[in-house]
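Q: Please take one part of this model and describe it closely. I would like its extent, its ends, its burial and its packing in one connected account.

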Amino acid sequence: MTSTKRVVLCVVLAFVAAIGGVFVGRALLPHPKQPGTALHEVLHHKLALDADQQAKLKVLEDRFAVQRRALELELRATNARLAEAIEAEHGNGPRVTAAVDQSHAAMGELQKATLAHIFAMRQLLRTDQTSQFDDAVVKALTDGQG
């Protein structure tokens with residue numbers, strides 16, 4: 001076997017080994033949970049919602065999905081404006097400062113809308129369900145801290 005063929009074979013084997021490692025890692029290592037997953041699990045699987053609660057929850061979730069998407073798009077737009085300002089000023093100038101303020105305002109609106117959604121969902125619950133829901137909300141907000 002020539003040295004060129006050996007090098008090509010080594011490169012191919014290294015590539016195959018790397019791909020195999022990725023697949024094994026994805027299969028064996030735990031996947032990080034998305035924020036709000038535990039809250040969703042409690043709401044949909046542990047609180048034993050009745051049919052009326054489920055129907056009202058569906059309406060709230062559908063409505064919030066649209067609102068959240070719009071707010072996330074606005075946040076992306078403010079981040080793009082921030083990137084443009086940084087590129088133009090190459091420092092913490094007035095455009096960068098204004099863009100940061102706009103980005104923070106967009107983040108705040110998303111957080112306020114999310115909290116309003118959480119409180120609206122809580123209003124659908126019976127008193128025997130609220131404690132477990134509240135615990136899941138607190139856990140979602142503090143998960144990974146301390």
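A: The account below follows helix α3, from its ends to its packing against helix α4.

The model is predicted, so local features need pLDDT of at least 70 and side-chain atom pairs count only at pLDDT 80 or more, while totals for chains, interfaces and linings use all residues. Residues are numbered from 1 along each chain as its sequence is written, and side-chain values use heavy atoms, with hydrogens and water left out.

Helix α3 covers residues 51-89; a helix here is a DSSP run of H or I of at least four residues, numbered from the N terminus. The 39 residues of α3 should span 57 Å at 1.5 Å a residue, and its end C-alpha atoms are 56 Å apart, which agrees. The expected span is 1.5 Å times one less than the number of residues.

Ahead of α3, the loop that follows α2 (37-46) contains Ala 48. Its phi is near 50 degrees, a positive value in a residue other than glycine. Ala 48 counts as exposed because its relative accessibility is 60%; exposed means over 50% relative accessible area, buried under 20% and partly exposed in between, with a 1.4 Å probe and protein chains only. At the start of α3, a side-chain oxygen of Asp 50 comes within 3.1 Å of the backbone nitrogen of Asp 52. This is a polar contact, defined as a pair of N or O atoms within 3.5 Å; within protein, one atom must be able to donate a hydrogen and the other to accept it, and residues adjacent in sequence count only if both atoms are side-chain atoms.

Along the helix, the buried residues are Gln 53, Leu 57, Leu 60, Phe 64, Leu 71, Leu 75, Thr 78, Leu 82 and Ala 85. An α-helix has 3.6 residues a turn, so residues three or four places apart point the same way. Thr 78 counts as buried because its relative accessibility is 1%, and its side chain reaches the backbone oxygen of Leu 75 at 2.7 Å. Val 59, also in α3, is partly exposed because its relative accessible area is 43%. Its C-alpha atom lies 67 Å from that of Met 1, with the two positions 58 residues apart in sequence numbering.

At the other end, Glu 89 belongs to α3 and is partly exposed, with a relative accessible area of 26%. The C-alpha atoms of Glu 89 and Asp 134 are separated by 45 Å, and the two residues are 45 apart along the chain. Just after α3, His 90 takes a positive phi of about 55 degrees. His 90 lies in the loop between α3 and α4 and counts as exposed, at 68% relative accessibility.

Beyond that loop, α4 (residues 94-123) packs on α3 at an angle of about 170 degrees, with the axes 8 Å apart. Axes are lines fitted to C-alpha atoms, for helices over the stretch in contact, and angles run from 0 to 180 degrees between N-to-C directions. The two helices are therefore roughly antiparallel to each other, a term for angles over 145 degrees. By class, their contact has 19 nonpolar, seven polar and nine charged residues. Nonpolar means Ala, Val, Leu, Ile, Met, Phe, Trp, Tyr, Cys and Pro; charged means Asp, Glu, Lys and Arg; the others, Gly among them, are polar. The buried residues of α4 include Val 96, Ala 99, Leu 110, His 117 and Met 121. Helix α4 has 30 residues and reaches 43 Å from its first C-alpha to its last, close to the 44 Å expected.

Notes: Angles under 35 degrees count as roughly parallel, over 145 as roughly antiparallel, 65 to 115 as roughly perpendicular and the rest as oblique.
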